[in-house]
Structure formats: structure tokens, C-alpha cells
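Dear colleague,

I am passing on a structure that I would like you to look over when you have time. My notes on it follow the entry itself.

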Amino acid sequence: MKELTDEIENVKVHHDVIEVEVNRTPVLFHYILDLCVKGSMHLPSAFCAKLVHEEMEFWGVSERKLVTCCWAKLTSEKEKQITLEKVQKEWGVA
Ligand SMILES: [Zn+2]
């Protein structure tokens, strides 16, 4: 995990339970947690490829952990994003 200590907001200990607050978007955390339990990962039906990339990088998750159906969706979304960025650059739109 990359620089987790920078993202930790608060650590609390209640009896024998350690509660750690991490300053990351909760949108994909369920999927990351699912990966820890099942060993493979799907993605939500709608997602931003950049956000997925950032979260997977943060949590140290390789795209190889994605199940084929979702790996294909992510690859497709990345290609769309690259095309969109090229068009925006050509048109001078940020
Ligand atoms: Zn899937």
C-alpha cells in the first residue's frame, strides 16, 4: 500500500477493535474489500477509469486481479478516456 500513513485520518481503539479512518473515496472500497475476501475483483457497472486506476494503485491492487469481464470494461474505458483527451487537446478544450 502506497503511503497509507499519509491517508490515515484517525485511529481509535475500542476494547480490542482497532478502527482506522482512511481518507479515500468510499466508492470503490467495497470492491477492494471484496478482493481481499475472494481473491478476485469486479468493478461497479458505472465507473471512472481514472478513479479506478488511482484506487487500485493506492491499495496496491494489480489489474490482473480483475475478473475478465471487468478487465475488458476497464480497458475499454481507458481507451475512451485516451481518445477523449486527444480530442480535447486538439480542440483546445480542457
Ligand atoms: Zn465483472
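Among contacts in the chain between residues at least 6 apart in sequence, what percentage join residues at least 24 apart? The answer is 50%, and I should say at once that this value, like everything below, comes from a predicted model.

As for the overall layout, the chain holds 4 helices and 2 strands, which follow one another along the sequence in the pattern α-β-β-α-α-α. Of its 94 residues, 9% count as buried.

The helix pair I looked at is α3, residues 49-59, with α4, residues 68-91, whose axes come within 9 Å and cross at roughly 120°. Because an angle counts as roughly perpendicular from 65 to 115 degrees and as roughly antiparallel over 145, α3 is described as oblique to α4. On the α3 side the contact is made by Ala49, Lys50 and Val52, and on the α4 side by Leu74, Glu77, Lys78 and Gln81; by character, these residues divide into 3 nonpolar, 1 polar and 3 charged.

In the strands, I would draw your attention to Glu21, which lies in β2, residues 17-22. Glu21 is classed as exposed because 11 other C-beta atoms lie within 10 Å, where the cut-off for that class is 12 or fewer. Glu21 and Asn10 are 11 residues apart in sequence, and their C-alpha atoms are 5.1 Å apart in space.

With best wishes

Conventions
Residues numbered from 1 in each chain as written. Predicted model: local features only at pLDDT ≥ 70, side-chain atom pairs only at ≥ 80, totals over all residues. Buried ≥ 20, exposed ≤ 12 C-beta atoms within 10 Å, placed from the backbone. Axes fitted to C-alpha atoms, helices over the stretch in contact; angles between N-to-C directions. Parallel < 35°, antiparallel > 145°, perpendicular 65-115°, else oblique. Contact = placed C-beta atoms within 7 Å. Nonpolar A, V, L, I, M, F, W, Y, C, P; charged D, E, K, R; others polar.
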